[in-house]
Amino acid sequence: MMSDSSRRIPLRATGLLAGFAALAAVTGCGAGAADSAPQGGGAGVTAAFYPLEWLAQRVGGSDITVTTLTKPGVEPHDLELTPQSVAGLEQTRLVLYIKGVQPAVDEAVEQHAADRNLDVATLVPTIEATEEGHEEGHEEGHEEAEHADEPGHEPGHEHEVSYDPHLWLDPSRFATVATELGERLAAADPAHAQGYKDRAAKTAAELTALDGELARGLANCRSKSLVTSHQAFAYLADRYKLHQVGISVDPDAEPSPARLAEVAEVAKREKVTTIFTETLVSPKVAEVLAEEVGAGTAVLDPIESKPATGDYLSAMRQNLTTLKAALSCT
Ligand SMILES: [Zn+2]
């Protein structure tokens with residue numbers, strides 16, 4: 001990204017306690033900004049996409065109003081922000097995001113909320129992205145690695161940062177984030193500090209319980225190979241000692257025939273019975289691969305968008321059920 005050279009220093013001293021008074025002062029910087037004014041009495045917090053929205057609502061409770069930049073059902077990585085969304089960043093008290101997931105959000109935060117953001121990736125140990133997101137241990141000299149620089153290639157999140165950003169798929173890391181968010185909100189809004197801390201503790205406990213369920217459920221499995229269409233499960237694999245074999249980094253990109261052949265070889269060698277597809281992306285590639293290796297397919301939700309029913313916790317439990325069946329766990 002070349003945006004660093006054009007980084008703007010915000011002229012206003014908005015600070016963490018910006019409220020309605022500051023609102024009037026900033027509406028001059030974009031037409032239509034008034035449309036996205038925070039509603040209700042709660043302080044406005046902006047979440048970049050669903051898992052962070054869920055966390056902010058859990059920890060913030062009725063003390064904050066959460067706005068989400070990514071609408072339900074939208075694949076978040078290639079999100080483009082409307083002028084209204086960008087204007088909203090000028091007014092929000094805190095932007096919760098993960099640098100590397102959404103280039104448009106990263107840039108907008110840098111330009112419009114440089115003094116009021118929390119990059120969740122700074123709170124937990126990150127896992128290094130495999131070479132342009134490819135499966136570790138796979139052979140060198142792969143032409144797909146150069147793919148990212150070709151004109152017309154959509155800017156993928158994995159090309160912006162050196163780590164894999166899908167950290168919310170490890171509930172133990174996400175528990176740490178819950179606790180830190182509670183501290184951060186308490187510091188920004190001392191009048192409601194105890195509420196933030198209590199809800200953060202409760203949320204962290206729920207996430208820790210979920211972590212325990214996953215650890216127990218995935219402890220004894222016949223297969224440890226997680227063959228996925230969108231390589232989003234490195235944190236889950238890391239935490240529960242599975243082995244992710246991703247077909248493609250970019251959920252929208254067509255993998256090369258060479259890459260498909262490689263993954264097919266691994267899948268056959270490791271007697272994989274299930275190729276995982278995901279909720280927001282066409283299952284076509286996974287289906288072709290499954291047929292090639294004589295496997296079935298199942299949906300594993302990377303929870304990048306709000307589940308059709310339930311929430312983050314129930315979607316993770318559904319993922320556990322799917323994994324136990326697919327990997328023959330006892
Ligand atoms: Zn992703």
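**Exercise 1. Find P302 in this predicted model and work out whether it is buried or exposed.**

Start with the address: P302 sits in the loop between β10 and α10. Next, look at its relative accessible area, which is 1%. Buried means under 20%, so P302 counts as buried.

Now see who surrounds it. Leaving aside residues up to four places away in sequence, P302 touches W168, L169, A232, F233, E278 and T279. For a sense of how the chain folds back here, take L236: 66 residues separate it from P302 in sequence, yet their C-alpha atoms are 10.0 Å apart in space.

**Exercise 2. Which strands pair with β9, and which way do its side chains point?**

Take one partner at a time. Strand β7 (residues 225-230) is joined to β9 by 2 bridges, and the two run parallel. Within that pairing, T228 stands opposite F276. Strand β10 (residues 296-299) is also parallel to β9, with 4 bridges between them. Here T277 faces V299 across the pair.

For the side chains, recall that in a regular strand they alternate between the two faces of the sheet. In β9 (residues 274-277), T274 and F276 go one way while I275 and T277 go the other. All four are buried.

**Exercise 3. What is the strand order in the open sheet that contains β1, and which strands are at its edges?**

The order is β2-β1-β3-β4, four strands with parallel pairing. The edges are β2 and β4 (117-119), since each pairs on one side only. On average, neighbouring strands are turned by 20° against each other, direction ignored.

Let's check the pairings around β1. Between β1 (residues 43-47) and β3 (residues 94-97) there are 3 bridges, and T46 stands opposite V95. Between β1 and β2 there are 5 bridges, with A47 opposite T68. To get from β1 to β2 the chain goes through α2, making a right-handed β-α-β crossover.

Then look at the edge strand β2. I64, V66 and T68 point to one face and are buried, while T65 and T67 point to the other and are not.

Finally, add a helix: α5 lies across β1, β3 and β4, and runs at about 170° to β3.

**Exercise 4. How far does helix α6 reach, and what covers its buried residues?**

Helix α6 (residues 193-217) has 25 residues. From its first C-alpha to its last it reaches 36 Å, close to the 36 Å expected at 1.5 Å a residue.

An α-helix has 3.6 residues a turn, so residues three or four places apart point the same way. With that in mind, go through the buried residues of α6, among them A193, Y196, A200, T203, A204, L207, L210 and L214. The cover over the buried residues includes α2 (50-60), β2 (64-68), α5 (171-188), α7 (234-239) and α10 (312-326).

**Exercise 5. Which cysteines form a disulfide, and which parts of the chain does the pair tie together?**

The sulfur atoms of C221 and C329 are 2.1 Å apart. The cut-off is 2.5 Å, so the pair qualifies as a disulfide. The total count is 1 disulfide.

Now place the two ends. C221 is in the loop between α6 and β7, and C329 is in the segment after α10, so the pair ties together parts 108 residues apart in sequence. The torsion about the S-S bond is about 100°, which makes the disulfide right-handed. Both cysteines are buried.

Notes. Residues are numbered from 1 along each chain as its sequence is written. This is a predicted model: local features need pLDDT of at least 70, side-chain atom pairs count only at pLDDT 80 or more; totals for chains, interfaces and linings use all residues. Side-chain values use heavy atoms; hydrogens and water are left out. Buried means under 20% relative accessible area, exposed over 50%, partly exposed in between (1.4 Å probe, protein chains only). Two strands pair if DSSP finds at least two bridges between them. The expected span of a helix is 1.5 Å times one less than its number of residues. Contact means heavy atoms within 4.5 Å. Axes are lines fitted to C-alpha atoms, for helices over the stretch in contact, and angles run from 0 to 180 degrees between N-to-C directions. A crossover is right-handed if, with the strands pointing away from the viewer, the path from the first strand over the helix to the second runs clockwise.
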